[in-house]
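User: I am new to this structure. Please show it, then take my questions in turn.

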Protein chains: 2
Amino acid sequence: MKRKITLKHIARELDVSISTVSKALKNSEEISQDTKDKVQAFARLYNYKPNNIAISLKNKRTKNIGVIVPDIVHHFFTTVFRGIEKYANAKGYNVIVCVSDESFDKEVINMEMLANGSIDGFIMALSAETQRRNDFNHLREVTEQGIPLVLFDRVTDEIRCDKVIIDDSRAAMEATERLIRSGRKRIALFTTETYLNVSAKREAGYRQALEAHGLPVLEELILRLPYQFEEESSSLRFFREQDFDAVLCVNEIFAVRAIRLAQQLGRRVPQDVSFVGFTDGLLSRYSSPSLTTVDQQGELMGQAAAELLISKVEMEYDENDARNYQTRIIPTALIERESTVLS
Amino acid sequence: MKRKITLKHIARELDVSISTVSKALKNSEEISQDTKDKVQAFARLYNYKPNNIAISLKNKRTKNIGVIVPDIVHHFFTTVFRGIEKYANAKGYNVIVCVSDESFDKEVINMEMLANGSIDGFIMALSAETQRRNDFNHLREVTEQGIPLVLFDRVTDEIRCDKVIIDDSRAAMEATERLIRSGRKRIALFTTETYLNVSAKREAGYRQALEAHGLPVLEELILRLPYQFEEESSSLRFFREQDFDAVLCVNEIFAVRAIRLAQQLGRRVPQDVSFVGFTDGLLSRYSSPSLTTVDQQGELMGQAAAELLISKVEMEYDENDARNYQTRIIPTALIERESTVLS
DNA sequence: TATTAACACGAAACCGTTTTCGTAAGGCCG
DNA sequence: CGGCCTTACGAAAACGGTTTCGTGTTAATA
């Protein structure tokens with residue numbers, strides 16, 4: 001086993017001091033060319049690489065960023081992660097991922113673990129439970145310590161920090177308008193039961209669109225489903241009891257499941273009922289009929305979040321103090337597919 | 001901004017030495033109860049938490065594990081990751097994720113970045129390019145340094161280390177037999193064009209099953225598709241020119257796309273053609289007809305990989321040297337859904 | 001020849017811990 | 001009263017780097 005070689009080893013072997021080795025490897029002016037050549041050759045030969053941990057301790061910079069997401073087996077979050085990872089990697093940063101599993105406690109524990117020097121900053125989307133409890137002390141603690149924080153998608157107004165979101169309400173509004181313009185009159189909304197900021201905003205957009213076009217907002221056409229549900233009884237009942245000609249769903253799973261149900265009940269999609277979802281994942285693309293959906297452009301969000309974070313991390317203290325927090329809004333796009341009739 | 005407090009601060013404030021503070025916080029016998037109370041109270045008050053980096057440097061243990069996967073927007077890899085993360089977190093480890101993007105170079109760079117002290121061990125699935133080039137020097141380098149390595153799913157025989165895989169060939173064989181038993185005679189195989197170990201093994205299993213049941217292996221019934229393809233022309237041609245009554249696909253995307261195509265061409269699924277895929281993702285579950293598929297149990301794989309790695313990491317040097325490398329085979333299960341006729 | 005500047009390098013502090021070892025003070029015993 | 005053992009703590013080394021500052025040697029200059 002070839003143990004990792006350190007400056008000390010090189011110094012001893014070449015009979016010079018550690019400082020000389022360190023400087024020689026950085027091509028310092030202070031060191032004679034002879035010595036530099038000797039040291040560099042030796043280092044190359046034994047494949048010397050400085051120890052990241054030691055450097056982190058010295059610089060008080062880890063070149064790691066912490067990402068906390070509610071779930072990782074989730075198309076949207078993985079696309080965001082991809083955007084983060086790409087940008088971070090290009091900037092020489094590594095990414096530590098923690099999954100909160102939608103749990104407040106796990107979110108807190110993970111943050112605390114990472115906040116003790118492991119990372120230079122956080123990028124995160126709040127867990128459902130955190131949003132429900134409205135308790136953000138763990139975030140406040142971190143920002144008060146001067147650790148940069150960027151929130152994305154699932155954000156809160158309670159915390160002052162950089163944020164990256166889509167305009168959920170606007171996207172929902174446009175999606176709803178798309179349905180209205182194609183002649184739909186009784187548009188249902190399938191949303192989540194648990195409290196999520198984004199769901200609330202999408203619902204607001206839906207209501208706005210209906211009102212703006214003089215359509216009544218019918219509460220009985222709003223179906224609230226558990227985030228992860230097994231059987232279809234409640235949606236089935238909804239299909240049986242309600243009369244509607246289009247559905248806006250706050251995610252693609254709701255949409256695809258609803259389409260299946262509609263088809264099983266003999267409704268033609270999109271002729272009898274048309275559907276629009278959120279999140280442009282594999283399901284939207286490959287289900288049949290394929291799903292018209294709001295593309296949240298996760299990769300762009302991730303990249304924007306990483307940009308904001310790293311710029312804050314690398315900023316000198318003075319300018320950082322200016323507290324010029326940004327909220328970046330990533331544009332969305334409605335991707336038209338077979339689940340809506342082309343008007 | 002409340003800066004992080006260190007042992008030194010506490011020591012200065014309480015007018016004791018750093019060593020005393022350190023020992024007092026660890027409840028050492030050496031320190032009087034009075035002093036311990038004083039120190040602990042102060043530490044709690046100022047929310048002292050030891051600096052992870054300093055501890056890592058001292059212990060030569062980072063409590064980080066490095067995970068390198070070819071892709072993260074990918075159902076199977078995320079389930080594996082979930083398994084890793086859960087187990088690792090429970091054991092007090094954090095996970096640094098790097099995406100090789102199926103590129104050899106990125107894989108090498110990522111490994112080198114992490115190998116210089118950032119992590120205690122690696123869990124990885126090889127990139128397609130690495131498998132094609134058959135170049136594993138970066139892995140060898142890491143293991144020679146004594147850094148534990150666990151390979152999963154995309155593994156190689158060239159490297160001696162722990163491995164976690166499914167029995168791909170057996171799973172493919174069983175899936176094929178399932179089709180044969182339901183009376184299918186001309187079974188096609190849709191596999192990847194690029195060289196992947198797992199695809200090769202699945203193909204072998206497919207061939208074995210046919211031969212075992214006295215069916216001819218028809219090379220023209222094997223379609224090799226690019227890993228990520230846009231348009232369907234080659235599969236379309238295949239559907240037009242070949243005669244088959246079942247298809248085994250090496251992943252769920254190939255399967256779902258093929259099913260769509262079949263339906264568009266007027267074939268009934270599963271009556272005229274039945275399909276079996278690999279990977280039990282959202283697509284398999286929610287497409288219509290839903291897809292019969294081989295569940296690779298990614299979460300179990302991830303957990304097994306993390307178990308193996310952490311046990312090696314925490315093992316004392318002596319026992320580690322025994323070189324008792326394991327290859328764990330995670331059982332697969334064929335999940336029967338609507339794309340095959342129930343026999 | 002004395003002064004000085006340039007050169008090339010080393011000593012030491014520092015980042016924040018842990019841990020070994022040394023030691024001052026106090027009490028007990030003979 | 002001297003020796004010894006506890007008790008309770010501090011000094012210092014160590015982990016692996018970076019960086020500031022000091023210094024010995026040499027060569028150029030006055």
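**Helix packing and DNA contacts**

User: Does α1(B) pass α3(B) in a left-handed or a right-handed crossing?
Analyst: A crossing is left-handed if the near helix is turned anticlockwise from the far one by less than a right angle, and right-handed if clockwise. Helices here are DSSP runs (H or I) of at least four residues, numbered from the N terminus. In this predicted model, the way α1(B) passes α3(B) is right-handed.

User: At which pLDDT do side-chain atom pairs count?
Analyst: Residues are numbered from 1 along each chain as its sequence is written, chains are lettered from A and ligands numbered from 1 in the order in which they are written, and side-chain values use heavy atoms, without hydrogens and water. In this predicted model, totals for chains, interfaces and linings use all residues, local features need pLDDT of at least 70, and side-chain atom pairs count only at pLDDT 80 or more.

User: Which word describes how α1(B) lies to α3(B)?
Analyst: Helix α1 (residues 7–14) and helix α3 (residues 33–45) of chain B pack at about 125°, with axes 11 Å apart. Because of that angle, α1(B) counts as oblique to α3(B). Angles run from 0 to 180 degrees between N-to-C directions, and axes are lines fitted to C-alpha atoms over the stretch in contact. Under 35 degrees is roughly parallel, over 145 roughly antiparallel, 65 to 115 roughly perpendicular, and the rest oblique.

User: Which residues of α3(B) make the contact with α1(B)?
Analyst: Contact means heavy atoms within 4.5 Å. From α1(B) come B:I10, B:E13 and B:L14; from α3(B) come B:K38, B:V39, B:F42 and B:A43.

User: What percentage of the atoms of DNA strand D within 4 Å of the protein is sugar and phosphate?
Analyst: Of the 28 residues around DNA strand D, those that come nearest are A:K58, B:T20, B:K23, B:E30 and B:T35. Sugar and phosphate make up, of the strand D atoms within 4 Å of the protein, 56%.

User: How far is the side chain of A:K23 from a base oxygen of DNA strand C?
Analyst: A polar contact is a pair of N or O atoms within 3.5 Å. A polar side-chain atom of A:T35 lies 2.6 Å from a phosphate oxygen of strand C. For an N or O atom in the side chain of A:K23 and a base oxygen of strand C, the distance is 2.4 Å.

User: Which helix gives the most to the surface near DNA strand C?
Analyst: A residue is near a strand if one of its heavy atoms lies within 4 Å of it. At least two residues each come from α2 and α4 of chain A and from α1, α2 and α4 of chain B. The most, 4 residues, come from α2(B).

Notes. Polar contact = N/O pair within 3.5 Å; in protein donor to acceptor, adjacent residues only side chain to side chain.
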